[in-house]
Amino acid sequence: GSSQSSGAYAAVLVNFRHGQFSILPTQQLPRMSCALYTKSTGIVYAFGRTIANITPEFWGMTSSPVRPFTLTNCLPATGSVRAGPHALSVLAHGKVIVVAVHSTFYAVP
């Protein structure tokens, strides 16, 4: 026989501060294909046709100038975002996000 997966997953944010790990309270996060952190954007992640971020205020940094964003339907429906460390890049101090979808790169302002 074959085994089937229910498709269940979990996504959490973990903070390491003063030598201790803690899980941050979150709304249910989407199943991310790739993610990265920069000072100018916070945590940027891609899933499906969407690119979004999680700002530093979310994990307790109150003086951050990072603005939240969610860019829906900004990637093509014909493919999926690659997974891995080189699938997503933030350029120009957070003004352009480059995402790899199959064998093509998309620059999203």
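# A tour from Tyr-45 outward

Begin by selecting Tyr-45, which lies in strand β4, where a strand is a DSSP run of E at least two residues long, a helix is a run of H or I of at least four, and both are numbered from the N terminus. The model is predicted, and for that reason local features need pLDDT of at least 70 and side-chain atom pairs count only at pLDDT 80 or more, while totals for chains, interfaces and linings use all residues. Residues are numbered from 1 along each chain as its sequence is written, and side-chain values use heavy atoms, with hydrogens and water left out.

Tyr-45 counts as buried at 8% relative accessibility; buried here means under 20% relative accessible area, exposed means over 50%, and partly exposed is in between, with a 1.4 Å probe and protein chains only. Show its surroundings next: leaving out residues up to four places away in sequence, Tyr-45 touches Pro-30, Met-32, Cys-34, Ala-35, Thr-50, Ile-51, Ala-52, Asn-53, Ile-54 and Leu-88, a contact being heavy atoms within 4.5 Å. With one of these, Cys-34, the C-alpha separation is 5.7 Å, although the two residues are 11 apart along the chain.

Now add Phe-47 to the selection. Tyr-45 and Phe-47 form a stacked aromatic pair, with 5.9 Å centre to centre and 25° between the planes. Rings of Phe, Tyr and Trp (its six-membered ring) pair if their centres lie within 6.5 Å, and planes under 30 degrees apart count as stacked, over 60 as edge-to-face and the rest as tilted. A search of the whole structure finds one aromatic pair. Unlike the buried Tyr-45, Phe-47 is partly exposed, with a relative accessible area of 24%.

**The whole chain**

Zoom out and colour by secondary structure: the protein chain has zero helices and nine strands. Of its 109 residues, buried ones make up 34%. Among contacts between residues at least 6 apart in sequence, 34% join residues at least 24 apart.

**The nonpolar cores**

Select Val-44, Ile-51, Leu-75, Val-81, Ile-97 and Val-99, the residues with the most contacts inside the largest nonpolar core, which has 14 residues. Such a core is a set of buried Ala, Val, Leu, Ile, Met, Phe, Trp, Tyr and Cys residues joined through side-chain atoms within 4.5 Å. Strands β4 (42-47), β7 (88-91) and β8 (96-101) each supply at least two residues of this core, and the largest share, three residues, comes from β8. A second, separate core of eight residues includes Leu-13, Leu-24, Leu-29 and Tyr-45, which brings the starting point of the tour back into view.

Centre on Leu-75, which, not counting residues up to four places away in sequence, touches Gly-48, Arg-49, Thr-50, Ile-51, Val-81, Val-99, Val-101, Tyr-106 and Val-108. Then step to Thr-50, which lies in strand β5 (residues 50-54) and counts as buried at 10% relative accessibility. Leaving aside neighbours within four places in sequence, Thr-50 is in contact with Tyr-45, Thr-70, Leu-71, Thr-72, Asn-73 and Leu-75.

**Loops and backbone angles**

Asn-73 is the next selection, in the loop between β6 and β7, where it is exposed with a relative accessible area of 53%. Its phi is near 55°, a positive value in a residue other than glycine. Most residues other than glycine have a negative phi.

Arg-82 lies in the loop between β6 (70-71) and β7, and is partly exposed, with a relative accessible area of 34%. Beyond its neighbours within four places in sequence, Arg-82 is in contact with Ser-33, Cys-34, Ala-87, Ala-100, His-102 and Ser-103. The C-alpha atoms of Arg-82 and Ala-100 are separated by 5.8 Å, with their positions 18 residues apart along the chain.

Follow that contact list to His-102, which lies in the loop between β8 and β9 (104-108). His-102 is partly exposed, with a relative accessible area of 48%, and has a positive phi of about 50° although it is not a glycine.
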